[in-house]
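Here are my notes on the model, set out as numbered points. Please read them with the structure open.

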Protein chains: 4
Amino acid sequence: MRVGFIGLGNMGSGMARNLIKAGHQLTVYNRTRQRAESLESRGARVVSSPAEAASAAEALITMLADDGAVEDVLLGHDGAMGALPPGAVHVGMSTISVQLSRRLGAEHQAKQQHYIAAPVFGRPDAAAAGELFIVVAGPSPQIERCRGLFDRMGQKTFVIDEQPPAANVCKLTGNFLITTVIESLAEAFALVRKSGLNAEKFLEVMTESLFTAPLYRNYGSMIVSDKFEPAGFKMPLGFKDNRLVLAAAEEVRAPIPMASLVHDRFLEAMALGLSNADWSAISRVSLRNAGL
Amino acid sequence: MRVGFIGLGNMGSGMARNLIKAGHQLTVYNRTRQRAESLESRGARVVSSPAEAASAAEALITMLADDGAVEDVLLGHDGAMGALPPGAVHVGMSTISVQLSRRLGAEHQAKQQHYIAAPVFGRPDAAAAGELFIVVAGPSPQIERCRGLFDRMGQKTFVIDEQPPAANVCKLTGNFLITTVIESLAEAFALVRKSGLNAEKFLEVMTESLFTAPLYRNYGSMIVSDKFEPAGFKMPLGFKDNRLVLAAAEEVRAPIPMASLVHDRFLEAMALGLSNADWSAISRVSLRNAGL
Amino acid sequence: MRVGFIGLGNMGSGMARNLIKAGHQLTVYNRTRQRAESLESRGARVVSSPAEAASAAEALITMLADDGAVEDVLLGHDGAMGALPPGAVHVGMSTISVQLSRRLGAEHQAKQQHYIAAPVFGRPDAAAAGELFIVVAGPSPQIERCRGLFDRMGQKTFVIDEQPPAANVCKLTGNFLITTVIESLAEAFALVRKSGLNAEKFLEVMTESLFTAPLYRNYGSMIVSDKFEPAGFKMPLGFKDNRLVLAAAEEVRAPIPMASLVHDRFLEAMALGLSNADWSAISRVSLRNAGL
Amino acid sequence: MRVGFIGLGNMGSGMARNLIKAGHQLTVYNRTRQRAESLESRGARVVSSPAEAASAAEALITMLADDGAVEDVLLGHDGAMGALPPGAVHVGMSTISVQLSRRLGAEHQAKQQHYIAAPVFGRPDAAAAGELFIVVAGPSPQIERCRGLFDRMGQKTFVIDEQPPAANVCKLTGNFLITTVIESLAEAFALVRKSGLNAEKFLEVMTESLFTAPLYRNYGSMIVSDKFEPAGFKMPLGFKDNRLVLAAAEEVRAPIPMASLVHDRFLEAMALGLSNADWSAISRVSLRNAGL
């Protein structure tokens, strides 16, 4: 398949590499060109503008940091939307707002292009290994058309709705759940440590009894060892997603107080200078507030 | 082993049965005698006071609803503590306060009896199947002495500390983590449902990707199907544990705001008349507050 | 003084009337022209575009609902900013974001115009009576130049800073404090009513002892009598200000958890259909959540 | 009137002095006798047990730190309740739990003694000046009988109910409102200071516009000047009252989330070593959490 791929950060570069390995023809664009060039030797064509990446694509994949980056790349100067051929499909895999996803759907439709939202769960190592979880929403025929791409990038693809924004809601809500895991563990550790227990021992009991999801083990270990750099997912990106889930909740009038609590944890963590740490460093707040 | 067993509720009756099956000699006591009698045919000796249950025991197990029940049974009229022989061990498996556990430790010691705290994770079906998770703290030799009992009642025994109250902290903190799972799922469902998504579909994506612990599937299904009776663990017991974890946190000066949030959910759920429902019915609050 | 006045809603119409009474020459613009015409008989000149209102003004006053309205009027088609003469001063009295205030400051400066932020405290009756509290920030000479205007619109003018956004921070934070009064009273009433006390009696004790600010009496009476319409300040405007104070706090990394709590109250109130009520109807949430 | 007075701390000594000045015959008891002796020269009779203070009293006033102290003094060894003559009235002015107040009512009745709950608002300087606000509940004839006492100790007496515990609910809820004022100011200061504003200036704007109650000025000044010692009302006493209002709310099933938030502030403040400071030092938490 002729694939345009825009956004070769920690996540995107692994995903693109897996598509190339599977024989797809990739035309790649990244704002800092150097990151794109490392894919050149593997067979990707590197271009200098989003428009060039889109102009001959059957499918255009975007994997960018936030709403602003997606808007720039699609709608800005030399943007991809103007260049994408009618009938081609844009597969938006970035974690963006529900609102922007809705707007992209409308604008692509006006241009007789297709749009699928396909955000992912997984950290950079999962992206590199082709083991992401991909949540997909959009018109069924287009999803089928792209299934070969999803199969290479992820270990499991969940098709959940015909309307693209549904996938974004799902992704943002999932990230919200992850933050509740981080926060709950942090508070638990604050309590057990101040009670004189060994936090590692406590974590072992939890993860070998009821909390068997690897998520608990992984984040729990990071928090216990107090090691948050290098960041798999940086604090400001985590905060951005917290803001997006709150915005989604505001729009539909659904109070989600745990997200409000986590919101304030992010602010506190960043006020303490933890902006370069992994987002799980919000756990430091609970420990600090207990005097630890 | 000669075992006194006090407390034959939803949990205790399954646990006692498993001990009998394994060949231990049980002397059982329950406030409402009927529940005890169902064990008689299986070989248990049924007695009429806590003291009788304790008087010839090598190990005395208590599995009761709350601090008050434990105090009554041990320290009240015809209480077990006065009758338990020196050298015998009291295995406290109820979910009680850290404070009471500390006090029991001291009082047993004064009487040259031993005390182990061994609270459990698991609902009545796990108790019946001998698949509890048991968290044990106390003097090592006594724990070893009782290992045969634990092996029959649980699928895994975690020995975590020499001081009994450590096990109670661990249990209460674990229950706190469970409440955060319930609450986070409830808030997530409120958001996805108001966004027009199918909550069951959302739950499937979550539990088949990152949230693979059965806990998420089990509580998630209860919440999605809005079915909270018959209760596996009743609302007021859940609230009691929430109060106990907050009390433990107050004592050591550790703020745990998620427990405070859940505290207010319990109050709201009970104000709405859900006191006979399973504790996971606190999820109704999030949905109701979103206008669902 | 030749004054352009844009925005003749509940607040603006009273303010404009007071300026006319004091002899200032007003050129007024309102999106729905009818509201402007009621001022014509009092001597105001009614115009059909923001630009006309600004073109001959020494001072341009804007009193609009939100950021969007201010942007439209100043920067949109036939906008006021392009027409305002160099050397004239824009007095922004709307409750807008810190961010927009900062941007207006920069854009006016680029056009050699002046900018003062002068948001107000007070409800429509205070606007009509010329009894607003006005919080002013901007260059001193411009503030002095406008003092005659402030004196007619308000009972007290607070000059707090040379930088306009400071006044917006002050206004938003003040509104935040008002929401904490409303919320705290609502929770207090929930508790006392469920305890069998008379809420009105309780309010009397509070307002005649420690909580003597009229604010407590006024909002307290509204809540006790459960009468929220007609709205002095509508729910969605209150929510907008809550969002703006949270945005201001996000920008400077200051967690303000009471605003997060109130945020969720607004969402719940709007989910319950209270969008046409006064913002103090968020109090219904606390009573409802207590089962009242 | 023959008055027994028990509890001569910061509050009680001023109150007792005012009663002596007014010509009442006081028999006083204090655990540390020295504090009582300072009243001897003014005409009080100093005794060595609660029972002696009560034995000839027409009215027995208690002004103690907490439930435990009240229980000791009334029901302990040489306790006052056993000695108080039938027909005499116990005026409980301490800030105690609703539950204990209810129990005292029942026990006094059983002994044909009377009981009035009459907790107060005001700090030690107001107690010394006879300017407390007194909230009274109990049987009307007994209240009338004691009115002369109230008039000397307070500037205003609010009679609110025939049932004593109503006064305790009112007092605890009022203290809850005070904590929301402290917390809201602290959060406001965190935001304005991080936004580059002068907190004192901000406080001035607030207290001279909408927040005119002296409470805002007084606590606001303490927070701005960061001066919390000597404590007018010590942190652990403030925390006790927070616990009592939460207990009252638990009993009647009324969620009051602002009290939960303040609860966690108290824990954090005490974890940071502020246990000797005035309760308003919980404000330090908001500033610290914003990185100030």
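1. What share of the 292 residues in chain A is buried? In this predicted model, buried residues make up 61% of chain A.

2. On overall dimensions, the radius of gyration of chain A is 20 Å, close to the 19 Å that the globule rule gives for 292 residues, so chain A is as compact as a globular protein of that length. Along the principal axes, its C-alpha atoms fill a box of roughly 65 × 45 × 35 Å.

3. On secondary structure and contacts, chain A holds 14 helices and 9 strands. Counting contacts in chain A between residues at least 6 apart in sequence, 65% link residues at least 24 apart.

4. How many residues does each of chain A and chain D give to the contact? Chain A supplies 6 residues and chain D supplies 6 residues. The side of chain A that touches chain D consists, by class, of 3 nonpolar, 2 polar and 1 charged residues.

5. On symmetry, a turn of 180 degrees with a shift of 0.0 Å along the axis lays chain A on chain D, with an RMSD of 0.0 Å. This is the relation of a two-fold axis. Both copies use the same surface, as 100% of the contact residues of chain A recur in chain D.

6. Which residue of chain A comes closest to the rotation axis? That residue is A:Asn289, whose C-alpha lies at 4.2 Å from the axis.

Terms used:
Residues numbered from 1 in each chain as written. Chains lettered and ligands numbered in written order. Predicted model: local features only at pLDDT ≥ 70, side-chain atom pairs only at ≥ 80, totals over all residues. Contact = placed C-beta atoms within 7 Å. Nonpolar A, V, L, I, M, F, W, Y, C, P; charged D, E, K, R; others polar. Least-squares fit on C-alpha atoms with pLDDT ≥ 70 in both. Helix = DSSP H or I, 4+ residues; strand = E, 2+ residues; numbered from the N terminus. Rg over C-alpha atoms; globule rule 2.2 N^0.38 Å. Buried ≥ 20, exposed ≤ 12 C-beta atoms within 10 Å, placed from the backbone.
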